[in-house]
Amino acid sequence: MIGFFIAVLSGALMSVQGVFNTQVTKTTGMWVSNAWVQFSALLLCLVAWLVAGRDSFGAIAKVEPKYVLLGGVIGAGITWTVIKSMAQLGPAKAAFFIVMSQLIVAYLIEVMGLFGVEKEPLEWRRVAGMVIALIGVAIFQWK
């Protein structure tokens, strides 16, 4: 149950962050805003590391496969795409498309067993759920 609440909090934080970052970008520009987001996240992580635990930074060299170390690069891409989509679509529409994309890609990762994730069988009820969600997005967009 705690995982559910954390996921809901994550979604809420992503929406608020997207709006904040879009506002910062209006004054600073895309790459200054993106750099600030990543830098401030680094500072918070360093403080948390000092307070909560002192895991070895050297352990990064042991991570396998190496491509999973691209999470930070992907994070910068996420920040950029969220800012751009919220600026062009508005927060609600952008969040709908972002969440739908997350759901579809995450399910494909599970079904195909990509990136070290345990492979899961395709379940048509989940596909139907995604189709229903996409219909919901279409209804939300309908004018």
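# Working through a five-helix model

Thr79 lies in helix 3. We'll start from there, keeping in mind that this is a predicted model.

**Exercise 1. Work out whether Thr79 is buried or exposed, and find what it touches.**

Step 1: Look at the relative accessible area of Thr79, which is 7%. The cut-off for buried is under 20%, so Thr79 is buried.

Step 2: List the partners of Thr79, skipping residues up to four places away in sequence. You get Asn21, Asn34, Val37 and Gln38.

Step 3: Pick one partner and turn the view around. Asn34 sits in helix 2 and, at 3% relative accessibility, counts as buried too. Leave aside its neighbours within four places in sequence, and Asn34 is in contact with Ala76, Thr79 and Trp80.

**Exercise 2. Describe how helix 1 and helix 3 are oriented, and say which residues make the contact.**

Step 1: Take the two axes. Those of helix 1 and helix 3 come within 9 Å and cross at roughly 80°.

Step 2: Turn the angle into a word. Angles of 65 to 115 degrees count as roughly perpendicular, so that's the label for helix 1 and helix 3.

Step 3: Find who does the touching. Helix 1 brings Met14, Ser15, Gly18, Val19, Asn21, Thr22 and Thr25, while helix 3 brings Thr79, Val82, Ile83, Met86 and Ala87. Our Thr79 is on that list.

Step 4: Sort the contact of helix 1 with helix 3 by class: six residues are nonpolar, six are polar and none are charged.

**Exercise 3. Check whether the length of helix 4 agrees or disagrees with its residue count, then see what it packs against.**

Step 1: Helix 4 covers residues 91-112, which is 22 residues. At 1.5 Å a residue, helix 4 should span 32 Å.

Step 2: Compare that with the model. The end C-alpha atoms of helix 4 are 31 Å apart, so the two values agree.

Step 3: Pick out the buried residues of helix 4: Ala94, Ala95, Met100, Tyr107 and Val111. These pack against helix 1 (2-28), helix 3 (71-89) and helix 5 (124-141).

Step 4: Have a look just past the end. Gly113 follows helix 4, and its phi is positive, near 65°.

**Exercise 4. Place Tyr67 and say how far its C-alpha atom is from that of Phe115.**

Step 1: Tyr67 is in the loop between helix 2 (30-52) and helix 3.

Step 2: With a relative accessible area of 44%, Tyr67 is partly exposed.

Step 3: Along the chain, Tyr67 and Phe115 are 48 residues apart, yet their C-alpha atoms are separated by 9.3 Å.

**Exercise 5. Set the "transmembrane region" annotation beside the model.**

Step 1: Read the record. An unreviewed UniProt entry lists residues 31-53, 65-83, 95-117 and 124-142 under that name.

Step 2: Try residues 31-53. Their end C-alpha atoms lie 31 Å apart, and the span is 96% helix and 0% strand.

Step 3: Now try residues 65-83. Here the ends lie 30 Å apart, with 68% helix and 0% strand.

**Exercise 6. Sum up the whole protein: how many helices and strands does it have, and how many of its residues are buried?**

Step 1: Count the elements. There are five helices and zero strands, running α-α-α-α-α from the N terminus on.

Step 2: Box it in. The C-alpha atoms fill roughly 45 × 45 × 30 Å along the principal axes.

Step 3: Of the 143 residues, 15% count as buried.

Step 4: Look at contacts between residues at least 6 apart in sequence: 55% of them join residues at least 24 apart.

Terms used:
Residues are numbered from 1 along each chain as its sequence is written. This is a predicted model: local features need pLDDT of at least 70, side-chain atom pairs count only at pLDDT 80 or more; totals for chains, interfaces and linings use all residues. Side-chain values use heavy atoms; hydrogens and water are left out. Helices (H or I, at least four residues) and strands (E, at least two) are DSSP runs, numbered from the N terminus. The expected span of a helix is 1.5 Å times one less than its number of residues. Buried means under 20% relative accessible area, exposed over 50%, partly exposed in between (1.4 Å probe, protein chains only). Contact means heavy atoms within 4.5 Å. Axes are lines fitted to C-alpha atoms, for helices over the stretch in contact, and angles run from 0 to 180 degrees between N-to-C directions. Angles under 35 degrees count as roughly parallel, over 145 as roughly antiparallel, 65 to 115 as roughly perpendicular and the rest as oblique. Ala, Val, Leu, Ile, Met, Phe, Trp, Tyr, Cys and Pro count as nonpolar, Asp, Glu, Lys and Arg as charged, and the others, Gly among them, as polar. UniProt positions are given in the numbering used here, feature names are shortened, and annotations may be inferred rather than shown by experiment.
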